[in-house]
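Q: Please walk me through one part of this model up close. I'd like to look at the charged side chains and who pairs with whom.

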Amino acid sequence: LKLFDRFDFVVLSSYKVCIAAARNYVHLRSLGYTVRKTIDTIIATRCILSGFEILHNDRDFSPFEKHLGLKSLIPASDR
């Protein structure tokens, strides 16, 4: 358990994050993108709101990067 003491923990969701996630989902749908998993929308939105970078290998995050400002540790052009 001491290993986990080295990391900061972030509350993933709240009312504010849920509302923003729903708006992000609707916005991406209006652009023709369908995010397959709700949790991806919540994770991406939390990162956007908090200014966190994300390390991923999941195509569902790409529209968040392209259209909503999600920052990735590995730019889409390098994947």
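A: Let's start with the whole chain and zoom in. Among contacts between residues at least 6 apart in sequence, 40% join residues at least 24 apart. Keep in mind that this is a predicted model.

Here's the layout. The chain has three helices and two strands, and from the N terminus on they run α-α-β-α-β. The C-alpha atoms fill a box of roughly 45 × 35 × 20 Å along the principal axes. Of the 79 residues, 29% are buried. The accessible surface comes to about 5800 Å², with 58% of that belonging to carbon and sulfur atoms.

Now for the charges. The chain carries 12 positive and 8 negative side chains, and the centres of the two sets lie 5 Å apart. How many salt bridges does the structure hold? There are two of them, and Arg36, Asp58 and Asp60 are linked in a network of salt bridges. So that's the spot to zoom in on.

Take the link between Arg36 and Asp58, where the closest N and O atoms are 3.7 Å apart. Arg36 sits in the loop between helix H1 (15-30) and H2, while Asp58 sits in the loop between strand E1 (53-54) and helix H3 (62-68), so this pair ties together parts that are 22 residues apart in sequence. The two partners have their own surroundings: Arg36 is partly exposed, with a relative accessible area of 48%, whereas Asp58 counts as buried at 17% relative accessibility. Why does 17% get called buried? Because the cut-off for buried is under 20% relative accessible area.

Next comes the link between Arg36 and Asp60, a salt bridge of 3.3 Å from N to O. This pair also links distant parts of the chain: Asp60 is in the loop between E1 and H3, Arg36 is in the loop between H1 and H2, and they are 24 residues apart. Asp60 is buried, with a relative accessible area of 4%. Put the pieces together and you get Arg36 bridging to Asp58 and also to Asp60.

There's another acidic residue worth a look here, Asp40. You'll find Asp40 in helix H2 (residues 38-50). Leaving out residues up to four places away in sequence, Asp40 touches Val35, Asp58, Asp60, Phe61 and Phe64. Notice that both acidic members of the network, Asp58 and Asp60, are among those contacts. What about a salt bridge for Asp40 itself? Asp40 is buried yet has none, and the nearest side chain of opposite charge, Lys37, is 4.7 Å away. That pair doesn't count because a salt bridge needs the nitrogen within 4 Å of the carboxyl oxygen.

For a contrast without charges, look at the aromatic rings. The count comes to one aromatic pair. Phe4 and Phe9 form this pair, which is tilted, with 6.4 Å centre to centre and 50 degrees between the planes. Phe4 is partly exposed at 48% relative accessible area, and Phe9 counts as exposed at 66%.

Terms used
Residues numbered from 1 in each chain as written. Predicted model: local features only at pLDDT ≥ 70, side-chain atom pairs only at ≥ 80, totals over all residues. Heavy atoms only, no water. Phe/Tyr/Trp six-rings, centres within 6.5 Å; stacked < 30°, edge-to-face > 60°. Buried < 20%, exposed > 50% of the residue type's maximum accessible area, 1.4 Å probe, protein only. Helix = DSSP H or I, 4+ residues; strand = E, 2+ residues; numbered from the N terminus. Lys, Arg positive; Asp, Glu negative; His and termini not counted. Contact = heavy atoms within 4.5 Å. Areas by Shrake-Rupley, 256 points an atom, 1.4 Å probe, with all protein chains shown as cover. Charge placed at Lys NZ, Arg CZ, Asp CG, Glu CD.
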